[in-house]
Amino acid sequence: MGEAENEDDLLKSFFAEVSEVERDNEVARILSCFKLNAFEHLNLPFGASPEDIKRQYRKLSLLVHPDKCKHPQAKEAFGALAKAQQLLLDPEERQYILNQVNAAKDELRAKRKKLLKKDNASKIKSLVDEGKYEHLYEQSEEFQQQLKLKVREILTEQEWRRRKMQMRISEEEGRLKKEEEETKEMWKRKREHEEQWEGTREKRVSSWRDFMKTGKKGKKGEIRPPKMKTEDPNKSYVQRPVNRG
């Protein structure tokens with residue numbers, strides 16, 4: 001802890017001498033970084049360790065701190081650095097970016113392998129050096145710049161897929177919510193209908209009783225003659241009367 005405090009004191013002393021132009025330039029650099037790559041915001045290589053990340057954050061945050069930097073967007077740059085550090089110190093988030101870095105390296109290596117097949121001199125040198133030639137190439141500024149651009153491309157594609165998937169999930173959630181609301185509304189209408197039906201029960205019972213009293217049914221004990229069917233002359237049997245009982 002004491003070592004970190006001493007380092008911070010040295011950094012504060014150093015950045016006290018930094019000009020406003022340098023601070024403004026750093027703010028502009030941070031804000032121009034590719035938003036999906038936290039390593040760019042902290043100006044760190046992809047192989048940076050958690051300690052490297054913390055150290056670099058302390059250094060740059062002192063440089064663009066709103067209390068020290070008069071740039072109108074210093075606060076925004078300071079916030080971008082804090083977010084970058086938070087992401088890179090999260091093992092899952094850092095590994096996600098590194099996975100895309102490895103994918104970018106694989107693509108660049110495959111592309112270079114095709115080119116070497118057409119370049120016999122480079123191919124022979126690569127075989128003689130037992131891979132050292134390729135290792136040196138990957139440390140070059142040319143390769144690092146290509147890697148940076150390829151990582152941007154892959155991260156952009158992954159983010160697009162993530163957002164598309166999130167959109168689909170949101171649409172599905174919206175559909176399910178709508179169905180749930182429609183189901184609730186259906187049951188609500190059903191309950192209201194049942195309540196209204198129950199509320200008219202007495203009225204319906206009274207109407208039925210009145211009908212039973214004043215209906216066209218015969219009086220109790222009254223005997224009516226059976227209704228006779230019309231005889232069919234084409235039939236030899238005698239038709240029987242139908243009892244209307």
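Let's start with salt bridges: this structure holds 15 of them. Please keep in mind that we are looking at a predicted model. I'll walk through a few of these pairs, and then we'll look at the helices that carry them.

A bit of background first. Side chains of opposite charge can pair when their charged atoms come close.

Take arginine 109, which forms a salt bridge with aspartate 106. The closest N and O atoms of the two are 3.8 Å apart. Where do these two sit in the chain? They are three residues apart in helix 6, which covers residues 91-118, so about one helical turn separates arginine 109 from aspartate 106. And that spacing is worth a thought, because an α-helix has 3.6 residues a turn, so residues three or four places apart point the same way.

Are arginine 109 and aspartate 106 hidden away? Arginine 109 counts as partly exposed, at 37% relative accessibility. Aspartate 106 is partly exposed too, with a relative accessible area of 47%. There is a third partner in this story: Asp106, Arg109 and Glu138 are linked in a network of salt bridges.

Now please move along to helix 9, where I have two more pairs for you. In the first, the side chains of glutamate 180 and lysine 184 meet in a salt bridge, at 3.5 Å from N to O. Both residues lie in helix 9, four residues apart, about one turn of the helix. Glutamate 180 is partly exposed at 44% relative accessibility, whereas lysine 184 is exposed, its relative accessible area being 53%. The cut-off for exposed is over 50%, which is why lysine 184 gets that word and glutamate 180 does not.

The second pair is glutamate 185 with arginine 189, another salt bridge, with the closest N and O atoms 3.8 Å apart. Here again the two residues both lie in helix 9, four residues apart, or about one turn. Glutamate 185 counts as partly exposed at 36% relative accessibility, and arginine 189 is partly exposed at 47%.

Let's stay with helix 9 itself for a moment. How many residues does helix 9 have, and what should they span? Helix 9 runs over residues 141-199, and at 1.5 Å a residue its 59 residues should span 87 Å. The C-alpha atoms at its ends are 85 Å apart, which agrees with that expectation.

Helix 9 also has its buried residues, namely Phe143, Leu147, Lys150, Val151, Ile154, Leu155 and Glu159. You may have noticed a lysine among those names. Lysine 150 has 16% relative accessibility, and under 20% counts as buried, so that is the label it gets. What does lysine 150 touch? Leaving aside neighbours within four places in sequence, lysine 150 is in contact with Ala104, Glu107 and Leu108.

Another buried residue on my tour is isoleucine 97, which is placed in helix 6. At 6% relative accessibility, isoleucine 97 counts as buried. Again setting aside neighbours within four places in sequence, isoleucine 97 is in contact with Leu36, Asn37, Ala38, Phe39 and Leu88. In sequence, isoleucine 97 and isoleucine 154 are 57 residues apart, and from C-alpha to C-alpha they are 9.8 Å apart in space.

Next, a helix pair. The axes of helix 4 (residues 50-64) and helix 5 (residues 74-89) come within 10 Å and cross at roughly 175 degrees. That makes helix 4 roughly antiparallel to helix 5. By class, their contact has 11 nonpolar, two polar and one charged residues. On the helix 4 side you'll find, among them, Ile53, Tyr57 and Leu60. The helix 5 side includes Phe78, Leu81 and Leu88.

Just before helix 4 there is a detail in the backbone. Asparagine 43 is found in the loop between helix 3 (38-41) and helix 4. Its phi is near 55 degrees, a positive value in a residue other than glycine.

Finally, let's step back to the whole protein. What does its secondary structure come to? There are 10 helices and zero strands. Of the 245 residues, 22% are buried. And among contacts with a separation of 6 or more, residues 24 or more positions apart account for 60%.

How values were computed:
Residues are numbered from 1 along each chain as its sequence is written. This is a predicted model: local features need pLDDT of at least 70, side-chain atom pairs count only at pLDDT 80 or more; totals for chains, interfaces and linings use all residues. Side-chain values use heavy atoms; hydrogens and water are left out. The expected span of a helix is 1.5 Å times one less than its number of residues. Buried means under 20% relative accessible area, exposed over 50%, partly exposed in between (1.4 Å probe, protein chains only). A salt bridge is a side-chain nitrogen of Lys or Arg within 4 Å of a carboxyl oxygen of Asp or Glu. Axes are lines fitted to C-alpha atoms, for helices over the stretch in contact, and angles run from 0 to 180 degrees between N-to-C directions. Angles under 35 degrees count as roughly parallel, over 145 as roughly antiparallel, 65 to 115 as roughly perpendicular and the rest as oblique. Contact means heavy atoms within 4.5 Å. Ala, Val, Leu, Ile, Met, Phe, Trp, Tyr, Cys and Pro count as nonpolar, Asp, Glu, Lys and Arg as charged, and the others, Gly among them, as polar.
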